[in-house]
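Q: Could you take me on a close look at one helix in this model and its surroundings? I'd like to know what packs against it and how its residues are placed.

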Amino acid sequence: MEAQVLILDFGSQYTHLITRRIRGLKVFSLCLNGTTSLKSITDLNPRVIILSGGPHSVHTPDAPCFAPGFIEYVESKKVTVLGICYGLQLIVQQMGGEVTAGKKQEYGRMEIEVVKGGGLFGKKNVGDRQKVWMSHGDEAVKLPEGFEVVARSRQGAVAAVENRDKRFYGLQYHPEVTHSEEGLQTLEHFLFDLCGVTADWNMDDVVEEAKKVIRSTVGTEDHVICALSGGVDSTVAATLVHQAIGDRLHCVFVDNGLLRWKERERVMETFLRDLHLPVTCVDAVEQFLSKLKGVTEPEKKRKIIGAEFISIFDAFANDLEAKLGKRPSYLVQGTLYPDVIESCPPPGSGRTHSHTIKSHHNVGGLPKDMKLKLIEPLKLLFKDEVREMGKVLKIPEGFLKRHPFPGPGLAVRVPGDVTLGDRLDILRKADEVFIQAIKDAGIYDSIWQAFAVFIPVQTVGVQGDQRTHGYPISLRAVTSQDGMTADWYRFDHEFLEYVSVKICNEVAGVNKVLLDITSKPPSTIEWE
């Protein structure tokens with residue numbers, strides 16, 4: 001799929017926001033590693049390339065850089081380039097300018113002043129000021145030939161540059177974050193007025209294009225397996241593939257013993273009654289829990305769960321082969337764009353594999369000898385875009401609003417050995433109390449994700465005039481747009497008191513309730 005706008009990621013924590021902001025303007029954008037090959041760039045045939053910020057200094061020997069021949073390519077094809085922070089410094093350095101360590105570093109909210117009208121700042125007048133979000137220690141002190149400064153910070157540092165003839169532009173601040181008060185307008189002006197891109201990306205077209213890709217990938221006689229988790233992603237993926245190839249799709253829902261309270265009964269009813277998907281339910285509780293017994297390391301738990309899922313899918317494929325006389329060739333998964341981004345190596349790390357935030361069950365948890373070929377129709381979409389696709393596919397809105405649930409299930413919400421005692425049952429009951437209270441309070445749709453976590457440490461309590469040794473439960477609720485960043489949800493104190501009392505009274509084995517108030521970053525949303 002061609003992208004009008006391509007973002008080359010040099011490691012900024014805000015890179016995904018650039019992608020989100022541009023897609024929000026109905027312009028299709030993709031993000032690649034900043035050091036990706038020139039062929040990977042030319043294959044996408046972008047009209048615009050944005051070089052992201054990053055934590056590196058262009059002076060260091062291992063500083064990441066775009067591929068050899070990049071500048072010659074964009075100039076010959078008249079591709080417009082925008083460098084943001086590190087991206088601006090890279091342009092300056094690689095095109096003959098000079099970047100040095102700044103005398104005064106600039107971090108956080110700063111004010112810049114336009115020193116030349118037109119170009120990046122459109123109809124802004126010389127002297128106009130705006131507040132932006134800075135994050136840099138180096139600064140451009142000598143510009144390449146043909147470039148000029150169009151904005152400076154209050155401290156006099158270069159804040160924006162451009163070379164209109166060569167179609168190179170640079171911002172020393174982050175227009176993609178909300179702290180840059182006019183950042184979105186600057187991006188709009190850049191894309192539509194300077195670059196001439198069109199706002200023609202819409203979900204109806206995405207759905208039809210995805211169906212075409214599925215039909216062209218899957219042969220007319222091929223059969224496909226889809227792993228349904230009960231979550232939004234896999235359900236949208238299954239519905240999309242089902243509408244593309246019909247009854248050659250065979251869905252399997254696996255009860256791995258790591259599901260939420262009555263999850264199996266609830267999701268199977270939805271699949272059959274509302275979505276009319278062909279689903280087989282496999283009871284694999286003993287298979288999963290026996291393999292997880294004694295395992296405490298988070299990554300190992302994820303790998304085991306991924307391997308067991310594939311083992312079940314292979315067995316399911318064997319059963320279908322006996323029934324159909326033909327072995328299924330493909331496995332559908334609901335991998336999303338954040339899964340791909342979080343599982344790819346950071347630019348400048350020197351790694352060919354990820355400095356992993358976590359091994360996603362859809363990305364890093366699958367065995368290399370898997371016999372089924374993967375179909376990942378959602379891998380270029382963010383979560384809210386998947387929900388939008390679900391609406392186009394006529395999936396019930398109530399189902400689309402379900403909070404995300406991790407592929408490894410409750411295994412990542414019980415730190416340590418999940419099989420000890422009745423840890424899973426305690427967590428299920430506490431989680432059900434918490435989620436039902438959120439729904440009863442009418443705030444479920446205001447929260448991106450909410451869940452309970454079992455803390456495997458016994459604490460002292462007093463219940464029924466007796467000393468008890470029970471377990472704490474931590475409550476986690478966050479707000480987010482796409483799961484890449486998140487902030488903790490601010491509950492009313494009365495609500496928290498109600499939930500705490502209800503969990504301690506109704507869930508045997510719990511005598512303490514905690515609240516996780518950590519954002520992402522520095523934390524992840526899940527605990528493991």
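A: Happily, and let's begin with helix 12: its buried residues are covered by elements including helix 1 (15–24), helix 6, helix 7 and helix 13 (397–400). This is a predicted model, where local features need pLDDT of at least 70 and side-chain atom pairs count only at pLDDT 80 or more, while totals for chains, interfaces and linings use all residues. Residues are numbered from 1 along each chain as its sequence is written, and side-chain values use heavy atoms, leaving out hydrogens and water. Helices are DSSP runs of H or I with at least four residues, numbered from the N terminus. Buried means under 20% relative accessible area and exposed over 50%, with partly exposed in between (1.4 Å probe, protein chains only).

In helix 12, the buried residues are Lys-383, Glu-385, Val-386, Arg-387, Met-389 and Gly-390. Met-389 makes contact (heavy atoms within 4.5 Å) with Met-203, Val-206, Val-207, Val-236, Leu-240, Leu-378 and Leu-381, leaving aside neighbours within four places in sequence. Just after helix 12, Lys-394 has a positive phi of about 70°.

Now cross over to helix 6 (residues 203–217). Its expected span is 1.5 Å times one less than its number of residues, so 15 residues should cover 21 Å, and the end C-alpha atoms are indeed 21 Å apart. Met-203, Val-206, Val-207, Ala-210, Lys-211 and Ile-214 are its buried residues. They lie on the same side of helix 6, because they cover an arc of only 135° around the axis, judged by the directions from the helix axis to the C-beta atoms. That buried side packs against helix 7 and helix 12 (383–392), whereas the face turned away from it carries the exposed Lys-212 and Ser-216. At the start of helix 6, a side-chain oxygen of Asn-202 comes within 3.2 Å of the backbone nitrogen of Asp-204.

Lys-211 deserves a pause: this residue of helix 6 is buried, with a relative accessible area of 10%. Beyond residues up to four places away in sequence, Lys-211 touches Leu-240, Gln-243, Ala-244 and Leu-393. Its side chain also makes a polar contact with that of Gln-243 at 3.0 Å; such a contact is a pair of N or O atoms within 3.5 Å, where within protein one must be able to donate a hydrogen and the other to accept it, and residues adjacent in sequence count only if both atoms are side-chain atoms.

Notes
Helix = DSSP H or I, 4+ residues; strand = E, 2+ residues; numbered from the N terminus.
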